[in-house]
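Biologist: Please take a close look at the disulfide in this structure. I would like to know where its two ends sit and what surrounds that part of the chain.

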Amino acid sequence: MTKARDIMTGGAQCVGAEETVLDAARKMKDLGVGALPICGTDNKLKGVLTDRDVVVKVLGAGKDPATCPAGELAQGEAVTIGADDDVEEILRTMTEHKVRRLPVIDGHDLVGMVAQADVARSLPDPKVGDLLQALSTD
């Protein structure tokens, strides 16, 4: 059975909760990613910041990305997946929480990220359609 660690992108980098959204946007650009985990000073995962969050919750809300802390956008408990969880569990978690990206943890350590595309490549076609439909409806 395919596990999260088999399909994830390893080496995920965090943006610190105290770093600015502008710092996070620059890091996303440099890394070529659309999302970054937000980590606190205790190195624990606080949430995930997406490029859409930058546009809608910061720029669209008239906030200054150079002064807005990334941690301000972390909402509630972060939705994660375990490194040894299988693709079916990833699918269930993404569908239930309507998220397209999941931080992958091994114990308490962030070890990677799984995106919707990673899961889609690992599933049979009908399940891919179910995932896309579940994440595309509001």
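Modeller: In this predicted model, C14 and C39 are linked by a disulfide, with an S to S distance of 2.0 Å. A search of the whole structure turns up one disulfide. A disulfide is a covalent bond between the sulfur atoms of two cysteines. C14 belongs to the loop between β1 and β2 (15-16), while C39 is in strand β3 (residues 35-39), so the pair ties together parts that are 25 residues apart in sequence.

The two ends differ in their burial class: C14 is partly exposed, with a relative accessible area of 22%, and C39 counts as buried at 6% relative accessibility. The cut-off for buried is under 20%, so C14 at 22% falls outside that class. Another cysteine, C68, is buried too, at 5% relative accessibility.

On one side of the loop that holds C14 is β1. Strand β1 (residues 9-10) runs antiparallel to strand β7 (residues 109-115), and two bridges join them. Within this pairing, G10 has G112 of β7 as its bridge partner. β7 is also joined by six bridges to strand β6 (residues 101-106), again antiparallel; here P103 is partnered with M113 of β7. β6 and β7 make a hairpin with two residues between them, and G107 in the turn has a positive phi of about 70°.

Further back along the chain from β6 comes helix α4 (residues 87-97). At the start of α4, a side-chain oxygen of D86 comes to within 3.1 Å of the backbone nitrogen of E88. The buried residues of the helix are V87, I90, L91, T93 and M94. These cover an arc of only 165° around the axis, which puts them on the same side of α4. An α-helix has 3.6 residues a turn, so residues three or four places apart point the same way. After α4 comes K98, whose phi is positive, near 50°.

As for the chain as a whole, its secondary structure amounts to six helices and seven strands, in the order α-β-β-α-β-β-α-β-α-β-β-α-α from the N terminus on. Of the 138 residues in the chain, 35% are buried. Among contacts with a separation of 6 or more, 53% are between residues 24 or more positions apart. The accessible surface of the chain is about 7600 Å², and carbon and sulfur atoms account for 49% of it.

Terms used: Residues numbered from 1 in each chain as written. Predicted model: local features only at pLDDT ≥ 70, side-chain atom pairs only at ≥ 80, totals over all residues. Heavy atoms only, no water. Pairing = 2+ DSSP bridges. Helix = DSSP H or I, 4+ residues; strand = E, 2+ residues; numbered from the N terminus. Disulfide = S-S within 2.5 Å. Buried < 20%, exposed > 50% of the residue type's maximum accessible area, 1.4 Å probe, protein only. Arc of directions from axis to C-beta. Polar contact = N/O pair within 3.5 Å; in protein donor to acceptor, adjacent residues only side chain to side chain. Contact = heavy atoms within 4.5 Å. Areas by Shrake-Rupley, 256 points an atom, 1.4 Å probe, with all protein chains shown as cover.
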